[in-house]
Structure formats: C-alpha cells, structure tokens
Amino acid sequence: MTIEIQSLTLSYDANIIVQRCNLTLAEGEILVILGPSGCGKTTLLRAIAGFVKPDEGTIRLNGRNLNQIKPEDRNIGMLFQRPVLFPHKDVLGNILFAYQKKKDRDMEKVNEIMKDIGIYTMKNQSIETLSGGESQRVVLARALLTNPELLLLDEPLSSLDLSVRRQLASEIRTTLKSKNIAAIHVTHDHEEAAIIGDRIIEWNELHLLESVLIQANTDETTSG
Amino acid sequence: MSLRSIRSVPILVYLGLMLIPIVLALQRLMDVTGKSPFAAIFSLPDHPLGTEALYFSFIQALLSAGLTLAIGLPIAWWLGRHQWKHLNFIRAALTLPFVTPTIVAAMGFLALFKTGGPIESIGIDLRFETGLIGWLSDATGIENSGHIIALLLAHAWFNLALVIRFVEPKIATIPPRFEESIRLLPIGKTRFSRARYFWWPMLRTSIGSAFLFAFIFSFTSFALVRWLAPDLWTLEALMAVEGGAAGIHNYRTEASLLVLGGATLQGIILLFALGLAGYWQQKQSISNDIVSESFARKTAGGASLFARIGVSFALLFALAPLGSMLLSSVRIRDRTNESYRWSTEAWDIALTGDLTYVSAADALANSIVYAIACMVVSVLLGYAVASSIHALESGGKKKTAIMVDLLSMLPLALSGVMVGLGVLLGVLKVWPELFQWYGLPIIPHAMLTTPFVIRILLPALRSLDSSYDETAAMLGHSQFQRFLKVRIPLMKSSLVVAATLSIAFSLGEFGASWILLRSGSWDTLPILVDQLMARPKYFELVEPVAMATASILMMVTFVLFIITERFREHQGGGF
C-alpha cells in the first residue's frame, strides 16, 4: 500500500473542510478525485504534502506516519494548478532545483527525462517564453527527478486548452506508469479523469471521500 | 525552543532597541521635572520660546504641505495623464530632492538665495529682506518673511516627490473608460464637475496621504529650519538646542520640561498623522481596478505646450538648488573687490581638512562605516521582524499580526532629534561609557531606518507567492536552502532598495547625529557641513568649503539613488 489515510479531519478558520476521511492507494496506482471547485480537494492534497496540519487522523506513506514529518522530508512531488517555475532561473535552472546540492546532479538522468517529456530543446529558454503546457512539462520533469514515492497533481491541466489537456493527461499517465509512480490527481473534468486515472472517486458534500466509482483505465470498480 | 517563540525574538529585539532609549529618557525627564509627559505638554508655554515654537511648527508645516500640493499636483497630473519621452528621468529628477540629505538641501537653498546668488540677482532678497521682500515684510507686518518664504519653498522642494510618488501613478492607472463614461453623463459635462465628482473621489486618499506626509516631514524638519530660518524656532529645533541642558537634576528645569512636553506632543501629533495616512493608504490599496500606465497615457495622448512648460519649470525647481550649491563650491567671492573667481581651492581644503578637525574624506569614511553598519543592522532586523509579521499573518494569527505591525510602525513617529535625545538622555546618562564608543551613531541611525526597512520588506514578503516556497519544499529543500535559493533571489529588488535607502538615510541623517556627535573625531559629513557653516565667514573659502563638503555628500547619495531607482518597481501609491 503506498498511501493510507485514516479518519483524517482538516479545517481552516474553524470550518471543517474534510471530515473523517479514509483513503488508500496501491503501489503505482493513479487515483483521481473528482469534485467541484472549492470542495476541499486541494486541502486534502496540501495535507498529504504537509502544508496543512490535520486536526485528527493519520497519513501513512509506505508505512511511514507522515504527521510529524516536514514537507521537504516526505519525498512527495506536487504539481500545482498554476505551474510554479522560479522566475530567476531558465528551464534547465528550474529543473536542477530538483537537486539540493550541485554534486548530486545527474546530468545524464536530467537530459533523459527532459527528452522523455519533450522539453530538451528548450532547456536554455527563459521560462517567460514557455506556453502553459510546456511549463507544466518542465514542472513534471523536475518532480520526477526527485524520485517521489507519490505524486500529487492539483488540477495541473485546468488552465490549458482542451486538446493540450487531453494530450498532456495521456502523457502524464504513460510517464507515471512507466516509472511505476503512484499519484493522486484532483480535477473537476470527467474526461480528463477518465484519461489519466486507474480509479476515480467523487467528493460528496459531507466532506467524506466516498467511492462512487466511475470506471477508468481498468476494468475493476473499486471502493476507497 | 518552539518556532513560535523563535519568531518573537526579532520582534522583542526590535521593540527593545526602539523603546528602551525612549522609555529611559522619559523616565529621567519625569524624575527631573516631577511631571508626567502629558502634564509637561501644558508647561510648554513656561519656556520663553515654547509657545512661539509650537505655533510656528504647526503653521509652517501646514503652509509647507499646502505649497507642496500646489506645486506638486499639476506636475503629477501632467505626468500621469500624458506620454513623456524621458519619463523615468523626469520621475527620478523630481524624486531626487526627497532622498537628498536635509543639510545638503539647506546648503542648496542658501546658495540659491545668498547675496550674489541667482534669486537675489533677479531682485528677490530672501536673506536680508531688501527690495520686494522688504516691502512685503513692511506691508504684512510679518517679521522674517524672507526666511519664512525660503523655508516653505525648501520644504515644498523636499516633499515634492511625495506628491509625485503618491498621486501620479494613481492618475496614470485609472482606466480611461471611467472618465469616458462620466463625460457622457449629465454629471460630467464640465471639467469642474468631472474634477468634483470623479477625480477628487478617486484621488483624495492619495492627495491626503501626500499632504500628511509633507506635514510630518515639515513639522520635524531641523536642518532646513536651522539654516534657512535661523531666527525662527520649531519644536524640533528648540528641542535639539535645549536637549543638551535637559535631564540634569536642579539645572534649567524648563529645558527638561520643554523636551518632555515637546517630545510627547510631537509624538502624539505624528502618531495621529501617521495613523490617518496609513488608514488612507489602506483604503487606496483596496480601491477599484487599474490598467497599465502605458495604456492610460496612450489614451490621453501627448503633453500640451502648457504641460511641457510646467514640467520643465518643475525640473528646474528640483535641480536648481543642487546645481547652485555645486557652483558655489567653485565660485569664490573675493571680499576685497566683491568680485568672483572660479577655483577648486575649496575642494582641496575640504579634502585635506585644513579648516576642520576632520577632513571631508575622513568624515565620508566615518559616514560610510556608520551607514554600512546601520544597513546591516536594519536590514537583518527589519527582515526578521517583517518575516515574523508575515509568518503570523499566513499562520492565521491575523489579530496578533496586526498588533505587531502597528507596533512596528510606532518608531516612525519619532523624529531624528527625538531619537537623538532618547539615546542621549536615556542610554548615555545611564551608561556614559558609550560616549567613548565609535559606533554610537549606529544606534539612532538603526532606530530611524529599521521601520522604513520593515515597510519596504513586508509588502514584498506579502506579494511573494507561497507556491514557490512550497514547491521548493516539495523538491526536498530545507528551510535554510529555500531562504537562500528562493526567497533571497525573488526579493532581491526589495532588499536592494531597502539596503540602499537605509545607507542613504544614514548618510544624510542630521538631527540625531547633531545631538550626539556635534564636534569630535567621529564627525559625519552632515555634521562637518554644519560645523563649517557655523564658523565665522571672515575667510572667503569657509562657505565654498562647506558647499564642497555638501556636494560630496550629494554625489554619494546620488549614486545610491541611481542604484535604488534601477531596482525599484514602479507600482505607485507609496514610497
């Protein structure tokens, strides 16, 4: 089991956002959480990443209890809705942010991932010249270089136009599957969910994650 | 130690640095006078010059702020409405007076108004009040009217940048469609009605803020009053002069009462004005949508001839005192035949220090050492405090954050003289050994500059997108690595602006240094200029040497100003 969430309750300014949530994710599985904007999907991802402190409950990643672990020590990657690229670095500089020390840099691996993701030719470009889709590719490459145990995708395709969104969703799925990385993807787009997910669950109004399943890329209907 | 208690350390250090000297000074003055600060306010008339200083401080500050608006608003309007070829240069030139050290400004205006100077040569004698100004004095019955006009003009010159900085960007970013819409309505048919029902409601907070800041800076002006209106007293000037005799038991109690009552009253007035300005600025920041400056300017088109002439006069007004000062350092008046000669002798004497205890070069070295030390203290402390306030805000502790934010602004209500007196009466009389310490001026300079650093860095921290920090954390970077690799590079502009402004303020600081240093081997450049000007002028080179020394200070400040302008992001609506 990659991730195991038990009785997780999250609140913000005394408002309960997520209540007694239970969720599990198998190794290499891509889970999609579908729900309208503002329902708490992002808060759940931010709690898994370590930016939101749970009121109660536990989050385990490959057996480790993450509750007391700082975000930087969790070995989780995250793609935000808006691609976060550091404005004072070019494309390569942003990708090299995956390494904390210069001596750790594996340029062969960097080049390989950049080629896989299709951004190798833009490595010396300023980030201002990139389109939305290209920016998300750079962010994805950077996240993959850290060898994350889990990748969190917080509506990273929502600002892209439909054709780019479909293509990138498919590419993300292929890349994650080839590297056997588990991921949680949140979105409000059913079509995108169907392209990318192994399992899709819907967020209900009671702040509970309930597995109302929509079949995606496997033949099973799973409960969470 | 928890993170929360670590965060409170810089706030406590900052408040301690700011408040301890002031609290100790107040305590000493209360001991000596036997009166509370508020009771001492009512004793101000007991001092022979107390009432006069109080009235004059108010009146001149109100008139100065009014004159600043009268000169600055048309300029801001023209600059904000039209396309200008060299806009950045015009803005920089008009902002220059505000960063000019006050002693340099005083020397510039003295050079402009002196006998044989450009203004006297066209028949306006503001120094000795002959001719037109003499007639004005006789007609109005106002004594020293020439000095008052000189002071008001100098204050308007110094504060002109406030109107430009507060109002011009606001005018330049109001969507043109608003004005276009109102022109089609009955209420906006005439220029006057558009000004009344559209422009005034849109601009009043910016204009009000500029007026209040001009009032504050004029109220606490010292060097300009000391040199341009030597026979007139403001509270700040009177406290500076009487401060040396204050705080001593059974000796000139009226001096202690004046400092106690004057500082309390001045503190209350400044606090009120700052609170109001802060409230207006906050209202301004939450007002309607804006468009890019270039878009609005394009709609209004090029400047009219009248606007070009107006802005040209404003540039002349901004640069004339400084040019005149520079000229006065090389144009030597021969006392025997009242003629003038051109020479660099004054610069040689200034640099060798033949007329003073320390040379201009040594004073510059002192000034630079103090300024750099002050910058290090104020930027480190200012960043730590701003960062703590920001952490409280983003951690959901909004009320605590507002309280600490307000406390951090309190020192802005302290003038240079008040801070100098605080250190003199509060710290030095408790710990006299500090008088022997070379680094003594760093304390008041850091007290005066740190609040500005906080005001520059806090908005920068607030505008920093937290997703950068979160992304770096997700990539495994520790808090320290994120600070070095993400926060510092992204805040580079604000940090450079804060550091250079801190150095510039420290280099030009006059009031506190005048009280603490006055004459010694650690003189700073502004104090050296003051010493030179205070010498009898029998030797023809005394005044040119003072002008040369002030010119050195001006040049160093200009270099810093150019650096600041390169990094400043013109978003408008404030400093």
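**Note on the predicted two-chain model**

1. Four strands of chain A form an open sheet in the order β2-β1-β4-β5, and their pairing is antiparallel. The edges of this sheet are β2 (15-25) and β5 (64-65) of chain A, each of which pairs on one side only. The model under review is a predicted one. At one edge of the sheet, strand β4 (residues 56-61) of chain A is joined to β5(A) by two bridges, and the two strands run antiparallel. Within this pairing, Leu61(A) stands opposite Arg64(A) of β5(A).

2. A helix accompanies the antiparallel sheet. Helix α1 (residues 41-49) of chain A lies across β1 (3-12), β2 and β4 of chain A. The angle at which α1(A) runs to β1(A) is about 115 degrees.

3. Parallel pairing is found elsewhere in chain A, around strand β8 (residues 182-187). Strand β3 (residues 30-34) of chain A is joined to β8(A) by five bridges, the two running parallel. Strand β7 (residues 150-154) of chain A likewise has five bridges to β8(A), again with a parallel course. Two bridge partners may be used to check the register: Leu31(A) is partnered by Ile184(A) of β8(A), and Leu153(A) by His185(A) of β8(A). In general, strands of a sheet pair through backbone hydrogen bonds, in either a parallel or an antiparallel manner.

4. How is the connection between β7(A) and β8(A) made, and what is its hand? Helix α5 (residues 162-179) of chain A, together with β7(A) and β8(A), makes a right-handed β-α-β unit.

5. Strand β8 of chain A is mostly covered, six of its six residues being buried. In a regular strand, side chains alternate between the two faces of the sheet. Here Ala182(A), Ile184(A) and Val186(A) point one way from β8(A), while Ala183(A), His185(A) and Thr187(A) point the other way. Both sets are buried. The bridge partners named above, Ile184(A) and His185(A), thus belong to opposite sets.

6. Beyond β8(A), a residue of helix α6 (residues 190-196) of chain A merits a remark, namely Glu191(A). Is Glu191(A) buried or exposed? Glu191(A) has 12 other C-beta atoms within 10 Å and is therefore exposed, since the exposed class comprises residues with 12 or fewer. Glu191(A) and Arg166(A) are separated by 25 residues in sequence, and their C-alpha atoms are 8.3 Å apart.

7. As a whole, chain A contains six helices and 10 strands. Its radius of gyration is 17 Å, close to the 17 Å that the globule rule gives for 224 residues, so chain A is as compact as a globular protein of that length. The C-alpha trace of chain A spans about 50 × 35 × 30 Å along its principal axes. Buried residues account for 43% of the 224 residues in chain A. Of the contacts in chain A between residues at least 6 apart in sequence, 66% join residues at least 24 apart.

8. Chain B has 26 helices and two strands. The radius of gyration of chain B is 25 Å, close to the 25 Å expected from the globule rule for 575 residues, so chain B is as compact as a globular protein of that length. Its C-alpha atoms fill a box of roughly 75 × 65 × 50 Å along the principal axes. In chain B, 49% of the 575 residues count as buried. Residues 24 or more positions apart supply 78% of the contacts in chain B with a separation of 6 or more.

9. The two chains meet at an interface in which 17 residues of chain A are in contact with 16 residues of chain B. Strand β6 (residues 76-79) of chain A provides three residues, the largest share of the side of chain A that touches chain B. By class, that side has 10 nonpolar, four polar and three charged residues.

10. Two asparagines of chain B deserve inspection of their backbone. Most residues other than glycine have a negative phi. Asn144(B), however, has a positive phi of about 55 degrees, and so does Asn250(B). Asn144(B) is in the loop between α7 (131-140) and α8 (145-173) of chain B, and counts as partly exposed with 16 C-beta neighbours inside 10 Å. Asn250(B) is in the loop between α12 (235-242) and α13 of chain B, and counts as exposed with 6 C-beta neighbours inside 10 Å.

11. Helix α13 (residues 253-285) of chain B holds Leu271(B). With 15 C-beta neighbours inside 10 Å, Leu271(B) counts as partly exposed. The C-alpha atoms of Leu271(B) and Ser339(B) are separated by 51 Å, the two residues being 68 apart along the chain.

Technical notes. Residues are numbered from 1 along each chain as its sequence is written. Chains are lettered from A and ligands numbered from 1 in the order in which they are written. This is a predicted model: local features need pLDDT of at least 70, side-chain atom pairs count only at pLDDT 80 or more; totals for chains, interfaces and linings use all residues. The radius of gyration is taken over C-alpha atoms; the globule rule is 2.2 Å times the number of residues to the power 0.38. A residue is buried if 20 or more other C-beta atoms lie within 10 Å of its own, exposed if 12 or fewer, and partly exposed in between; C-beta atoms are placed from the backbone. Two residues are in contact if their C-beta atoms, placed from the backbone, lie within 7 Å. Ala, Val, Leu, Ile, Met, Phe, Trp, Tyr, Cys and Pro count as nonpolar, Asp, Glu, Lys and Arg as charged, and the others, Gly among them, as polar. Two strands pair if DSSP finds at least two bridges between them. A crossover is right-handed if, with the strands pointing away from the viewer, the path from the first strand over the helix to the second runs clockwise. Axes are lines fitted to C-alpha atoms, for helices over the stretch in contact, and angles run from 0 to 180 degrees between N-to-C directions.
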